[in-house]
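Student: I should like to learn how to read the surroundings of a ligand and the pairing of a strand. Could we work through an example together?

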Amino acid sequence: MGLGERLSKVFGSSQESKTPVNPTKVENSENKTKTEEKLVADKITIGHVHMSGCSGCVVSIADTFEGLFTLLDNYADLVYCLTLADVRDIPKMDVALVEGSVCINDHHSIEDIRKTRENATIVVALGGCASYGNITRFCRGGQWNQPGHEAFVPIGDLINVDVYLPGCAPTPEAIRNVCVMAYLLLKGNDDQKALATKYLEPLMKLPTLGTEACGCDLMTKIINHGLCMGCGTCCASCPVRAITMQSGKPNIERDMCIKCGACYTACPRSFISLELTAQFETILGAIDGAMNP
Ligand code: SF4
Ligand code: SF4
């Protein structure tokens, strides 16, 4: 079942007339002309901008396998990506997925992040380094591959960011979902835009909460407020296993924390709105339909 059908089910039959349609004339085997209705009005343009990071996020993009091909076939053109597309200068694009923090000692990096903001309609901080600095916060210099003392800051310290997608790395599904929702937000009808806004709203709220994250956020914002229900999601999301469950509650080894922000973002008692939780099956159904057109 395609996206249109699923959304018709979700929003009622009036959906059909509202779905963006790009009729394409195709010839059938008997040379008769028939109209094929494409559910996609036209594609959005997406770029992957690599600042200072380990490339784990771009690996996560590629890890969607056939999902990536479905996205590129139906919804998005990849117009910039040093790893996957042969384009040198940062072009105009609808969505920029920015991986990594910015080295403030490197003027090329500063220029690139400013240009990204100028050229992109939506800037997504992809992963813990772009959102919160993550392990690059600990860079002190003196290592073989890092002899100079250089400083790295999350992109939100230099430019306005629209969406945070924390995680080290964010899951392939989370990246895919954000791409589909960005498509619906920019190209969809009113119902689709409303659905996409609901999904993206909590992630759009994260940049307003600051550019620092730590495992201690669980302590100060969740556990100390009596909100923790002991589900263990934070523990499962920590990339360095700095969290263990003790007596039914998370215990954070602060010395091990690399400040990626994944645990607070994953916690169901953190910033996720109850309205979104109630609609989650609908949203996942729409994404499922989009990925199986
Ligand atoms: S405790 Fe783990 S998941 Fe949480 S911010 Fe630290 S490293 Fe990231
Ligand atoms: S994810 Fe949140 S609610 Fe679940 S154990 Fe961790 S702090 Fe508690």
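Tutor: Let us begin with a ligand. The model is predicted, and in it 16 residues surround ligand 1, the closest being Gly 215, Cys 238, Cys 257, Cys 260 and Cys 263.

Student: How do the residues of the shell around ligand 1 divide by class?

Tutor: Twelve are nonpolar, three are polar and one is charged.

Student: Which residues surround ligand 2?

Tutor: The shell around ligand 2 consists of Leu 218, Ile 222, Cys 228, Met 229, Gly 230, Cys 231, Gly 232, Thr 233, Cys 234, Pro 250, Cys 267 and Arg 269. Two or more of the shell residues come from each of the elements α9 (216-222) and α10 (233-237). By class, the shell around ligand 2 comprises eight nonpolar residues, three polar ones and one charged one.

Student: Let us turn to a strand. Is β3 mostly covered or mostly uncovered?

Tutor: A general idea helps first: side chains in a regular strand alternate between the two faces of the sheet. In the present case, strand β3, residues 44-50, is mostly covered, with five of its seven residues buried.

Student: Which strands pair with β3, and in what sense?

Tutor: Strand β4 (residues 76-81) runs parallel to β3 and is joined to β3 by five bridges. Strand β5 (residues 93-99) also pairs with β3 in the parallel sense, over five bridges.

Student: Where does His 48 find its partners in β4 and β5?

Tutor: In β4, His 48 stands opposite Cys 81. In β5, the bridge partner of His 48 is Leu 97.

Notes:
Residues are numbered from 1 along each chain as its sequence is written. Chains are lettered from A and ligands numbered from 1 in the order in which they are written. This is a predicted model: local features need pLDDT of at least 70, side-chain atom pairs count only at pLDDT 80 or more; totals for chains, interfaces and linings use all residues. A residue is near a molecule or strand if its C-beta atom, placed from the backbone, lies within 6 Å of it. Helices (H or I, at least four residues) and strands (E, at least two) are DSSP runs, numbered from the N terminus. Ala, Val, Leu, Ile, Met, Phe, Trp, Tyr, Cys and Pro count as nonpolar, Asp, Glu, Lys and Arg as charged, and the others, Gly among them, as polar. A residue is buried if 20 or more other C-beta atoms lie within 10 Å of its own, exposed if 12 or fewer, and partly exposed in between; C-beta atoms are placed from the backbone. Two strands pair if DSSP finds at least two bridges between them.
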